Structures are given as structure tokens and as C-alpha cells.
Amino acid sequence: LADDQLRKIQKVIDEGMNDDRDWNIFESSFNEAHENFFKKLKADHPDLVPNDLKLCAYLRMNMSSKEMASLLNISLRGVEIRRYRLRKKLNLDHDKNLVEFLIEL
């Protein structure tokens, strides 16, 4: 590989390592804007993992599944599966809208 290609690959790897830091900044900003959303969510549902919390944030921001798939680097079907699993973790009835539930939180 050429030097410039190696530098590009290194840059991508370095940027990927910043994901945790970027997520922490996003989480604190989101909490400020949405009245401690994550704190309430974690208090009510302590079994949620960071990927679940990201999905909840994107859903609360009323993003489309296509937008979420792009941000999470997964397929559209992957977003649907995550939404289904999140509903199970949150113990939501089938008639309750997931986005509405998160907005009301």
C-alpha cells in the first residue's frame, strides 16, 4: 500500500477510537437539551446497554430508520431488529408507539 493510503486508513482507525468520547459529549448535550433523558431512562431500565441508549436518542429525535442505519453503520433490517429488541427490554405493549413512549419520558 502507498503511504497516503496507509495514512487514510490510520485516520479512519483514529476517528473510530474517538467514538466513545464523541458519544460522551453527545450524551451530556442530549441530557441538557432533553431534561436528563438518559438518567431517567437508565433509572427506569438499568439493563439497557449503550447501543440501546443511542437508539433511544435517535428515536426521540424522530429520525427515520434509514437515518439511524446510516449513523449506526447497520442495515435497515438491523435497525428494525434493534427496535424490536428495545421494545422487549422496555416491556412495551404492541399498541404503544415506541417513539411516543420515549418522547413522554
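Which residue forms a salt bridge with Glu-104? Keep that in mind as you go through these close-ups of a predicted model.

**View A. Glu-104 pairs up with Lys-96.** Here's the partner: Glu-104 makes a salt bridge with Lys-96, and their closest N and O atoms are 3.0 Å apart. Glu-104 is exposed, with a relative accessible area of 57%. Lys-96 counts as partly exposed, at 25% relative accessibility. As a bit of background, side chains of opposite charge can pair when their charged atoms come close. The structure holds three salt bridges, and the next two views show the others.

**View B. A salt bridge joins Lys-89 and Asp-52.** The closest N and O atoms of this pair are 2.6 Å apart. Lys-89 sits in helix α6 (residues 76-89), while Asp-52 belongs to helix α4 (residues 50-60), so this salt bridge ties together parts that are 37 residues apart in sequence. Are the two partners buried or exposed? Lys-89 is partly exposed, at 29% relative accessibility. Asp-52, on the other hand, is buried, with a relative accessible area of 10%.

**View C. Arg-77 and Glu-80 form a salt bridge within helix α6.** Look for closest N and O atoms that are 3.3 Å apart. Arg-77 and Glu-80 are three residues apart in helix α6, which puts about one helical turn between them. Arg-77 is exposed, with a relative accessible area of 55%, and Glu-80 is partly exposed, at 40%.

**View D. The largest nonpolar core has 23 residues.** Which residues have the most contacts inside this core? They are Leu-41, Leu-59, Leu-86, Leu-90 and Leu-102. The elements giving two or more residues to the core are α2 (19-33), α3 (37-44), α4, α5 (65-72), α6 and α7 (98-104). Helix α4 supplies the largest share, with six residues. Now pick out Leu-86: leaving aside residues up to four places away in sequence, Leu-86 touches Leu-48, Asp-52, Leu-55, Cys-56, Leu-59 and Leu-98. You've already met Asp-52 as the salt-bridge partner of Lys-89.

**View E. Helices α3 and α4 pack against each other at about 130°.** The axes of α3 and α4 are 11 Å apart. Angles over 145 degrees would count as roughly antiparallel and 65 to 115 as roughly perpendicular, so α3 and α4 are oblique to each other. The crossing of α3 past α4 is right-handed. On the α3 side, the contact is made by Phe-37, Phe-38, Leu-41 and Lys-42. On the α4 side, look for Leu-53, Cys-56, Ala-57 and Arg-60.

**View F. Asn-73 and Ser-75 share the loop between α5 and α6.** Asn-73 has a positive phi of about 55°, even though it isn't a glycine. For context, most residues other than glycine have a negative phi. Asn-73 is exposed, at 71% relative accessibility, whereas Ser-75 counts as partly exposed, at 44%. Going from C-alpha to C-alpha, Ser-75 and Ser-65 are 9.3 Å apart in space, and they are 10 residues apart in sequence.

**View G. Asn-91 has a positive phi too.** Where is Asn-91 found? This residue is in the loop between α6 and α7. The phi of Asn-91 is about 55°, and Asn-91 is not a glycine. Asn-91 counts as exposed, at 65% relative accessibility.

Definitions and conventions: Residues numbered from 1 in each chain as written. Predicted model: local features only at pLDDT ≥ 70, side-chain atom pairs only at ≥ 80, totals over all residues. Heavy atoms only, no water. Salt bridge = Lys/Arg side-chain N within 4 Å of Asp/Glu carboxyl O. Helix = DSSP H or I, 4+ residues; strand = E, 2+ residues; numbered from the N terminus. Buried < 20%, exposed > 50% of the residue type's maximum accessible area, 1.4 Å probe, protein only. Core = buried A, V, L, I, M, F, W, Y, C linked by side-chain atoms within 4.5 Å. Contact = heavy atoms within 4.5 Å. Axes fitted to C-alpha atoms, helices over the stretch in contact; angles between N-to-C directions. Parallel < 35°, antiparallel > 145°, perpendicular 65-115°, else oblique. Left-handed = near helix turned anticlockwise from the far one by under 90°.
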